Amino acid sequence: MLRIAEVTAAYGPITALHQVSLEVRSGELVTLLGANGAGKTTLLRTISGLLRPLAGRMEFDGRRIDTLAPERLVGLGIVQVPEGRQIFPELTVAENLRLGAYHRRDRAGIRRDLEWVLTIFPVLRQRYGQMGGTLSGGEQQMLAIARGLMAAPKLLLLDEPSLGLAPLLVRRIFEVIGQIHAAGVTVLMAEQNAAMALSLADRGYVLQNGAIRLSGSTAELRMNPEVRRLYLGHSL
């Protein structure tokens, strides 16, 4: 589905990605692991068109996409849920969800997906008419993911979905990500909680200093001494 070949990207004079190559196959859940500043967010921003690569090639469903604008990529089915939620606080939950489907014209499909996201996030049904800014942090994260799902993604990009959440909410968020994947949505997830990410994912990549250092199945990564030491702890 997604193929990235030797992609380099920069913020001004600072190179943030160094010849990154990876693949996400249809139906997979793939995780990106790495510390703060490793390049995870930069890679997702590059895939979603928010940052133009300096070199390399990106393809989605066999089509080259590295020159396309973000709105074109959303239309193709690449949807990002950004780090830090970035909901619209002065709009209601209902309005935030409707904005997620702004590019769609299939009214029956929108109604179906709205019912689906309200089923997997029942608290959003309870808060439907409430302003987004009055939700708790966990509820805002649920709203951000639900808004992304309203765009009917073929590939859902999740950037640090557990960031800043209490342990019980982290577990709930990962349960829902598992449900989304089980429903057939392909997911590429950047996440610092390596143990939880590897418990869900099919495969993973480890980013260090803007480059892919390790990759493999989740079983392989969980047994890798470097991953165990840096991301999973000595006890695992």
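Where is the place of R104? In the loop between α3 (93–100) and α4 (107–120), and we'll come back to that arginine once the framework is in view. Residue numbers start from 1 along each chain as its sequence is written. The model is predicted, so local features need pLDDT of at least 70, side-chain atom pairs count only at pLDDT 80 or more, and totals for chains, interfaces and linings use all residues, while side-chain values use heavy atoms, with hydrogens and water left out.

A word on confidence: pLDDT is the predictor's own confidence in each residue, on a scale from 0 to 100. The protein averages 93, and 99% of its residues reach 70 or more. Among the elements, α10 has the lowest mean value (87) and strand β8 (residues 186–190) the highest (97). The element names follow DSSP runs numbered from the N terminus: helices are H or I over at least four residues, strands E over at least two.

Let's start with the sheet of four strands. This open sheet is ordered β2-β1-β4-β5, with antiparallel pairing; two strands pair here if DSSP finds at least two bridges between them. β2 (14–24) and β5 have a single partner strand each and stand at the edges, so one side of each lacks a neighbour in the sheet. Walking across it, β1 and β2 are joined by seven bridges, with A9 partnered by L17 in β2. On to β4: β1 (residues 2–11) and β4 (residues 55–60) share five bridges, and R3 has E59 as its bridge partner there. That glutamate also has a partner in β5, namely R64. β4 and β5 (residues 63–64) are held by two bridges and run antiparallel.

The turn of this hairpin deserves a look. Two residues separate β4 from β5, and D61 sits in the turn. Its phi is near 50°, a positive value in a residue other than glycine. D61 is partly exposed, with a relative accessible area of 46%; on this scale buried means under 20%, exposed over 50%, and partly exposed in between, using a 1.4 Å probe and protein chains only.

Now for the helix that packs here. α1 lies across β1, β2 and β4, running at about 115° to β1. Contact means heavy atoms within 4.5 Å, and axes are lines fitted to C-alpha atoms, for helices over the stretch in contact, with angles from 0 to 180 degrees between N-to-C directions. Six of the eight residues of α1 (residues 40–47) are buried, so the helix is largely enclosed by the rest of the structure. Those buried residues are K40, T42, L43, L44, T46 and I47. Just after α1 comes G49, with a positive phi of about 85°.

The other sheet is a mixed affair. Its six strands run in the order β6-β7-β8-β3-β9-β10, again as an open sheet, with mixed pairing. β6 (78–81) and β10 (211–217) are the edge strands, each with a single partner, so one side of each is left without a neighbour in the sheet. Neighbouring strands are turned by 15° against each other on average, direction ignored. One parallel pair is β3 (residues 29–33) with β9 (residues 203–208), over four bridges, where V30 stands opposite R203 in β9. Helix α10 (residues 225–232) lies across β9 and β10, at about 70° to β9.

Some loops of interest remain. E160 lies between β7 (155–159) and α7 (167–182). Its phi is near 50°, a positive value in a residue other than glycine, and at 4% relative accessibility E160 counts as buried. T92, in the loop between β6 and α3, is buried too, at 13%. Setting aside neighbours within four places in sequence, T92 is in contact with Y128, G129, Q130, M131 and G132.

And so back to R104, which counts as buried at 9% relative accessibility. What does its side chain reach at 2.8 Å? The backbone oxygen of M150. The R104 side chain also makes a polar contact with the side chain of D113 (2.8 Å). Such a contact is a pair of N or O atoms within 3.5 Å; within protein, one must be able to donate a hydrogen and the other to accept it, and residues adjacent in sequence count only if both atoms are side-chain atoms. Beyond its neighbours within four places in sequence, R104 is in contact with G109, I110, R112, D113, M150, A151 and A152.
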